[in-house]
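Trainee: Could you take a single part of this model and go through it closely, giving the cut-offs behind each term as you use it?

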Amino acid sequence: MAKKRNALGMNVSNLDLGGGISAIINMDDAKTSGSLSMNEIEISKIEANANNPRTEFDEEKLSELADSIRAHGIIVPITLRKISEDKYQIISGERRFRASKLVGLTSIPAYIRNVDDEKDVEEMALIENIQRTDLNAIEIALSFRNLSEKYNQTQEELSKKVGKKRETISNYLRLLKLPANIQVALKNKTLDMGHARALLAINDPVKQIEVFDLIVKEKLSVREVEEIARKMKDGAIAEQKKTRKNNDAVNEEYDVLRKELSSYFKKQVQLKVNGKGKGAITIPFSNTEELEDIMAILDKLKQ
């Protein structure tokens, strides 16, 4: 049976209590909305959420959190929703839940939210974790993509729900296009968002990896990576201009040849050439007499 606890007589919005423990709950809003209550819930009745945006749990930090809970108890309750008579699912606070199990607690304080929609649960979990900066960049990006694809939400709609600019959401989603080893570095937080955004300015994945290796080896700053990306871009533009100029010169030569052949055969000769220099010359004719004329001209060329 869930025991009712007295609500904290204070606002704890964004309260940072050390050891990575914080809460994103405004108790005044909770009292007036009637959508949230606080209880002591048996750990055996709590289950994790398979759609939790957090996918990695650092064992060392989890152990440190367990030591803190052992010494001071659960300062900030976790947030749950009731899914059956004797079962609750975690919306946020899985780290505190796991650490409490390590300590050997049989029950923990929890806010119970009245929410049935799976999408709302996922959004609440994502928002709470983003606001606490608990998630790594790839976890956030994957959560945005999951919400977008699973519930057919636009970036604009996500922006309003999670309180982030649309451009910010777009930048997170772009991270998922980076090579796998760079994404792993973002997950492990050995590469920060600033460096990742600079790498996104490089279109070639092979060059992205080359620059990433330089970042690790030379400990490049974000500004240095941005400068490398800019030079690569400028070089690519210069190369494109050079290629276009060469192509224009070649095309002009082909056009002169096409006109000469058209004049020689007195037909609108077509000349097509691809980038590798392969192509075809087409001489049109309307009847057998015109074909015989073309063959006669070709015979003269053989003599």
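Mentor: What follows is a close look at the two ends of one helix and what surrounds them, with a short comparison case at the end. The model is predicted, so local features are given only where pLDDT is at least 70 and side-chain atom pairs only at pLDDT 80 or more, whereas totals for chains, interfaces and linings use all residues. Residues are numbered from 1 along each chain as its sequence is written, and side-chain values use heavy atoms, with hydrogens and water left out.

The helix is α11, residues 222–265; helices (H or I, at least four residues) and strands (E, at least two) are DSSP runs, numbered from the N terminus. On one side of α11 is the loop that separates it from α10 (205–218), and Lys-219 is found in that loop. Although Lys-219 is not a glycine, its phi is positive, at about 55°. Its relative accessibility of 70% makes Lys-219 exposed, where exposed stands for over 50% relative accessible area, buried for under 20% and partly exposed for what lies in between (1.4 Å probe, protein chains only).

On the other side, a loop runs between α11 and β9 (270–273), and Lys-266 has its place there. Lys-266 likewise is not a glycine and has a positive phi of about 55°, and Lys-266 is exposed, with a relative accessible area of 71%. The loop between α11 and β9 also holds Lys-267, which at 18% relative accessibility counts as buried. Lys-267 forms a salt bridge with Glu-290, their closest N and O atoms being 2.7 Å apart, and this pair links distant parts of the chain, since Glu-290 lies in helix α12, 23 residues away. A salt bridge here is a side-chain nitrogen of Lys or Arg within 4 Å of a carboxyl oxygen of Asp or Glu.

Two aromatic pairs are counted; the rule is that rings of Phe, Tyr and Trp (its six-membered ring) pair if their centres lie within 6.5 Å, with planes under 30 degrees apart taken as stacked, over 60 as edge-to-face and the rest as tilted. One of them joins Tyr-264 to Phe-265 edge-to-face, at 5.6 Å centre to centre with 80° between the planes. Phe-265 is buried at 7% relative accessible area, while Tyr-264 is partly exposed at 43%.

Tyr-264 also takes part in a nonpolar surface patch of about 290 Å², together with Leu-298 and Leu-301. Of these, Leu-301 belongs to helix α12, residues 288–302. Patches are made of residues with over 30% relative accessible area and no salt bridge, like charges being joined within 9 Å and nonpolar side chains (Val, Leu, Ile, Met, Phe, Trp, Tyr) within 5 Å. Accessible areas come from the Shrake-Rupley method with a 1.4 Å probe, and for residues only the protein chains shown count as cover.

As a comparison case, the structure holds seven salt bridges, and Glu-42, Lys-45 and Asp-86 are linked in a network of them. Lys-45 pairs with Glu-42 at 4.0 Å and with Asp-86 at 3.7 Å, N to O. Asp-86 lies in the loop between β6 (78–84) and β7 (87–92) and Lys-45 in the loop between β4 (36–42) and β5 (46–47), so the pair ties together parts that are 41 residues apart in sequence. Within the network, Lys-45 is buried at 17% relative accessibility, whereas Glu-42 is partly exposed at 34% and Asp-86 is partly exposed at 46%.
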